[in-house]
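Please look through the structure below at your own pace, and keep it in view while you read. The paragraphs that follow lead from one residue to its helix, and from there to the way the helices are packed.

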Amino acid sequence: MDARRVGADPVELLRLWVLGVLVLGLAGTVTELVLLEHYEQPLQLVPVILIVAAIAAIVWQVMRHTAASLRALEIVMALFVLAGFAGVVAHFFGSAEFQLELNPSMSNWELVEKILRAKAPPLLAPGMMLQMGLLGLGYVYSDVSYRARILRVFGMKPEKE
């Protein structure tokens with residue numbers, strides 16, 4: 001990133017803060033996943049792989065700041081959003097399977113209650129992926145060059161800066 005551009009523009013400074021918060025979230029989440037050994041099954045590697053891809057895309061974006069690096073970050077962050085939803089579903093079914101093994105005769109409502117209160121797997125933990133994905137997409141969509149490109153695609157004139 002160009003230091004002069006960041007210092008002169010409060011929006012760019014805010015974008016850097018968003019990127020910093022995203023990096024902190026990525027580092028914390030991958031640390032937690034590794035400590036919890038969230039890699040025992042191949043499907044459990046999805047968030048770890050996505051975090052590594054996000055870090056690579058962020059480094060590329062910070063170093064080069066090209067349309068391609070921004071697009072790569074956009075794609076990875078969209079995958080984060082999808083993984084967040086898919087993870088909640090996977091955690092729900094994993095917890096349901098476990099609860100039904102313990103008590104196959106429980107009612108549907110009892111099952112849902114148990115799933116919502118279960119500590120393993122935590123139902124809403126994949127929501128962190130969703131949040132980081134949305135934060136990353138906010139960073140991407142707030143980029144001046146990105147907005148100008150989108151306006152050109154739709155045949156509109158970008159506003160003068």
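A good place to begin is A53, which is found in helix α3. The model shown here is a predicted one, and every value in this text is to be read with that in mind. Is A53 buried, partly exposed or exposed? Its relative accessibility is 30%, and because the partly exposed class lies between the limits of 20% and 50%, A53 counts as partly exposed. A53 can also be used to see how sequence and space are related, since A53 and R152 are 99 residues apart in sequence, while their C-alpha atoms are 29 Å apart in space.

From A53 we can turn to the helix that α3 packs against. The axes of α3 and α4 cross at roughly 155° and come within 9 Å. An angle over 145 degrees counts as roughly antiparallel, and α3 is therefore roughly antiparallel to α4. In this pair, α3 passes α4 in a left-handed crossing. On the side of α3, the residues that meet α4 include V46, L50, A53, A54, A57 and W60, and on the side of α4 they include A68, L73, V76, M77, F80 and A83. When the residues of this contact between α3 and α4 are sorted by class, 17 are nonpolar and two are polar, with no charged residue among them.

That result leads to the interior of the model. In soluble globular proteins, nonpolar side chains tend to be buried together. Here the largest nonpolar core has 24 residues, and those that touch the most other members are L22, L26, L73, M77 and F80. The elements that each contribute two or more residues to this core are α2 (10-35), α3 (46-64), α4 (67-102) and α6 (127-141). Which of them gives the most? It is α4, with seven residues. L73 shows what such a position looks like in detail: leaving aside residues up to four places away in sequence, L73 touches A54, A57, I58, Y139 and V140. There is also a second, separate core, made of five residues, and this one includes A96, M106, L111 and I115.

Two of the residues just named, A96 and L111, bring us to another pair of helices. Helix α5 covers residues 108-117, and α4 and α5 pack at an angle of about 120°, with their axes 9 Å apart. The range for roughly perpendicular ends at 115 degrees and roughly antiparallel begins over 145, so α4 and α5 are oblique to each other. The crossing in which α4 passes α5 is right-handed. The contact is formed by F92, S95, A96, Q99 and L100 of α4 together with L111, K114 and I115 of α5. Of the residues in this contact between α4 and α5, five are nonpolar, two are polar and one is charged.

A further partner of α4 is helix α7, which covers residues 144-153. Here the packing angle is about 90° and the axes are 10 Å apart, which makes α4 roughly perpendicular to α7. A67, L70 and E74 of α4 make this contact with S145, Y146 and R149 of α7, and the residues divide into three nonpolar, one polar and two charged.

Helix α4 also holds H91. Is H91 buried or exposed? Its relative accessible area is 15%, and because buried means under 20%, H91 counts as buried. Not counting residues up to four places away in sequence, H91 touches H38, P121, P122, L123, A125 and P126.

One of these neighbours, P121, lies in the loop between α5 and α6, and the backbone there deserves a careful look. Most residues other than glycine have a negative phi, and most peptide bonds are trans. The bond that joins A120 and P121, however, is a cis peptide bond, with omega at about -10°. Positive phi values are also found in two residues other than glycine: E37, with phi near 55°, and H65, with phi near 50°. E37 is in the loop between α2 and α3, whereas H65 is in the loop between α3 and α4. E37 is partly exposed, with a relative accessible area of 41%, and H65 is likewise partly exposed, with a value of 23%.

Conventions:
Residues are numbered from 1 along each chain as its sequence is written. This is a predicted model: local features need pLDDT of at least 70, side-chain atom pairs count only at pLDDT 80 or more; totals for chains, interfaces and linings use all residues. Side-chain values use heavy atoms; hydrogens and water are left out. A nonpolar core is a set of buried Ala, Val, Leu, Ile, Met, Phe, Trp, Tyr and Cys residues joined through side-chain atoms within 4.5 Å. Buried means under 20% relative accessible area, exposed over 50%, partly exposed in between (1.4 Å probe, protein chains only). Helices (H or I, at least four residues) and strands (E, at least two) are DSSP runs, numbered from the N terminus. Contact means heavy atoms within 4.5 Å. Axes are lines fitted to C-alpha atoms, for helices over the stretch in contact, and angles run from 0 to 180 degrees between N-to-C directions. Angles under 35 degrees count as roughly parallel, over 145 as roughly antiparallel, 65 to 115 as roughly perpendicular and the rest as oblique. A crossing is left-handed if the near helix is turned anticlockwise from the far one by less than a right angle, and right-handed if clockwise. Ala, Val, Leu, Ile, Met, Phe, Trp, Tyr, Cys and Pro count as nonpolar, Asp, Glu, Lys and Arg as charged, and the others, Gly among them, as polar.
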